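This report describes a protein chain through its enclosed and open spaces, its strand pairings and a few chosen residues. The account begins with the internal cavities and moves outward from there.

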Amino acid sequence: LKKLIIKYCIIAVATNSTMTRRTVVFTATAILIGQSLSSCAAFTPAASTSSFSFALSNDAVNTPVEPPLNPLLSQIKPSKTVEVFSLVKQMEAEGETVTSLCVGEPDFAPPQCVLDAATAAMNGGQTRYTAVTGTADLRKAIAEDLKTRKGVEYNPVTEIVVGNGAKQCVYQGLLAACGAGDEVIVPAPYWPSYPEMALLVGASPVILETSVDDGYLINPDALDKCLEEHPKAKVLMLCNPSNPTGGVHSTELLTQIAKVLEKYPNVVILADEIYERLVYTDDGQCTSFASLPGMFSRTITINGFSKSHAMTGFRLGYLAAPERFAKATSVLQGQITSCASSVSQAAGVSALNEVDDSWLENNVVIMKEKRDYVLQELAKMDGVSVSVPPNGAFYVLPDVSKYYNGDDTQLCLDLLKEKKLALVPGESFGAPGTVRISYATSMEELETAMTKLREFLESL
């Protein structure tokens, strides 16, 4: 018995595995205990074996086990915007004052009638599940708005799907239109979620570079070449107005893009038009891609209430598309989240039916003033350039590549550390050497931010 125990102890010392050592020691101990207890009439060999088995299995239960994660996660990058915003909130929680221009969120409150509608919905008992695709009232209001303002007609019963924010609608649109082995054309600079969502649905993102001299807008010839070289392309992401550049594709340019797409009938256009109410051109218009000849049947339009009506926390967006796409996305949503908040939907009805256009137009005027101020201040800074002023959304993407040898991430980290000013590195948008500035904040905050940025760059 002693020789046997010594043998097990030698094995325990020699092994590199902690679990193996424990097992060997338990085995040796069990043998010793079993031999000792077998001499006692109160214990039988069966009982000693049972005791050993229980002790071993109990130890296994208490040992932390870390099952592997989905391998897909190794391909997905976290959102830089979310990372920076989280860091800002952590610094603020620790008592530091941070000037943040990193999040695309209007600084004004939703219209009062929208807030009143949400309160009335709660008090009136509208707190139950709705249809997966949304309430009939909201879908009808969306369809009427798109028909009146954008010139596109959708059946509110079969061609409108209300989701928990426009981001969910983008993802579900991609999931319905493409899958494993397909490719998604993503013009750069891009919203960071586009390529990651393509990966999530099993497709491969193909980056279509644009030129700063063109205002980062899609060049039809470059698009034609890209599609020709990528026959597996199933979706074209079209963010208009653009996040992060603020660029707006004119009707003429969109028509040229549509002409190219006629040659590639299998490509679906996912038109993200969430910023279409924030346009600073003379006519203030943003043409819906679905309204162009031949494009309705292959366009999935995404929109919502976060940017236009400052309803970011309501998490309310929608998808408008031909019935086969809308039905597919409603099936997906039914298995993912089901309906959007009933209270948020009631607020959305008010936003479309009760908010006067003058409220929206006044916000555009204010945003344009903020844009002009930021551009004016950036123009005074050495080594900072904006080739084409943005005409929409509420972002500026200046080139700062003359600093830090173009390392925009390190620039933003040092800027946050030294000046407590939060910007988002352009690298995360597919635009290295730039930074994204969101001017959707108060003029006072913008003045502070521009002063901090200028002082920081002058100190380098």
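In this predicted model, the count of cavities with a volume of 30 Å³ or more comes to three. The largest cavity holds about 150 Å³ of space, and of the 18 residues that line it, P187, P189, C239, S242 and H249 are the closest to its centre. Two strands, strand 3 (183–188) and strand 5 (233–239), each supply at least two residues of this lining. By class, the lining of the largest cavity comprises 13 nonpolar and five polar residues, with no charged residues.

The largest pocket, by contrast an open space, has a volume of about 630 Å³. Its lining is made up of 27 residues, of which G104, K167, W191, Y275 and K307 are the closest to the centre of the pocket. The elements that give two or more residues to this lining are helix 4 (80–93), helix 7 (166–177) and helix 8 (193–200). Sorted by class, the lining of the largest pocket has 13 nonpolar, eight polar and six charged residues. The table sets out the volume and the lining classes of these two spaces.

| Space | Volume | Nonpolar lining | Polar lining | Charged lining |
|---|---|---|---|---|
| Largest cavity | about 150 Å³ | 13 residues | five residues | no residues |
| Largest pocket | about 630 Å³ | 13 residues | eight residues | six residues |

Turning to the chain as a whole, the protein chain has 15 helices and 12 strands. Buried residues make up 49% of its 460 residues, while the protein chain exposes about 22100 Å², of which carbon and sulfur atoms supply 54%. Among the contacts between residues at least 6 apart in sequence, 74% join residues that are at least 24 apart.

The strand pairings can be followed from one element to the next. Strand 2 (residues 160–163) and strand 8 (residues 317–320) run antiparallel and are joined by four bridges, and V161 has L319 of strand 8 as its bridge partner. In strand 2, I160 and V162 point one way and V161 and G163 the other way, and all of these residues are buried.

A second set of pairings forms an open sheet of three strands in the order 9-12-11, with antiparallel pairing. Its edge strands are strand 9 (395–396) and strand 11 (424–425), each of which pairs on one side only. Strand 9 is paired with strand 12 over two bridges in the antiparallel sense, and within strand 12 the bridge partner of V396 is I437. Two bridges also join strand 11 to strand 12 (residues 435–438), again in antiparallel fashion; here P425 has V435 as its bridge partner in strand 12, and V424 has R436. Strand 12 is covered on both faces, since V435 and I437 on one side and R436 and S438 on the other are all buried.

Two helical residues may be examined individually. Is K370, which is found in helix 13 (residues 357–378), buried or exposed? K370 has a relative accessible area of 6% and is therefore buried, the cut-off for this class being under 20%. Leaving aside residues up to four places away in sequence, K370 touches D107, Y439, T441, S442, M443 and L446.

M122, which lies in helix 5 (residues 112–123), has a relative accessibility of 48% and so counts as partly exposed, the exposed class being reserved for values over 50%. When residues up to four places away in sequence are not counted, M122 touches T127 and V343. M122 and A346 are separated by 224 residues in sequence, yet their C-alpha atoms are 9.4 Å apart in space.

Methods
Residues numbered from 1 in each chain as written. Predicted model: local features only at pLDDT ≥ 70, side-chain atom pairs only at ≥ 80, totals over all residues. Heavy atoms only, no water. 1 Å grid on protein atoms, 1.4 Å probe; cavity = no way out; pocket = protein on both sides within 12 Å on 5 of 7 lines; lining within 4 Å. Points joined across faces, edges and corners; volume = space filled by probe spheres on them. Nonpolar A, V, L, I, M, F, W, Y, C, P; charged D, E, K, R; others polar. Buried < 20%, exposed > 50% of the residue type's maximum accessible area, 1.4 Å probe, protein only. Pairing = 2+ DSSP bridges. Contact = heavy atoms within 4.5 Å. Areas by Shrake-Rupley, 256 points an atom, 1.4 Å probe, with all protein chains shown as cover.
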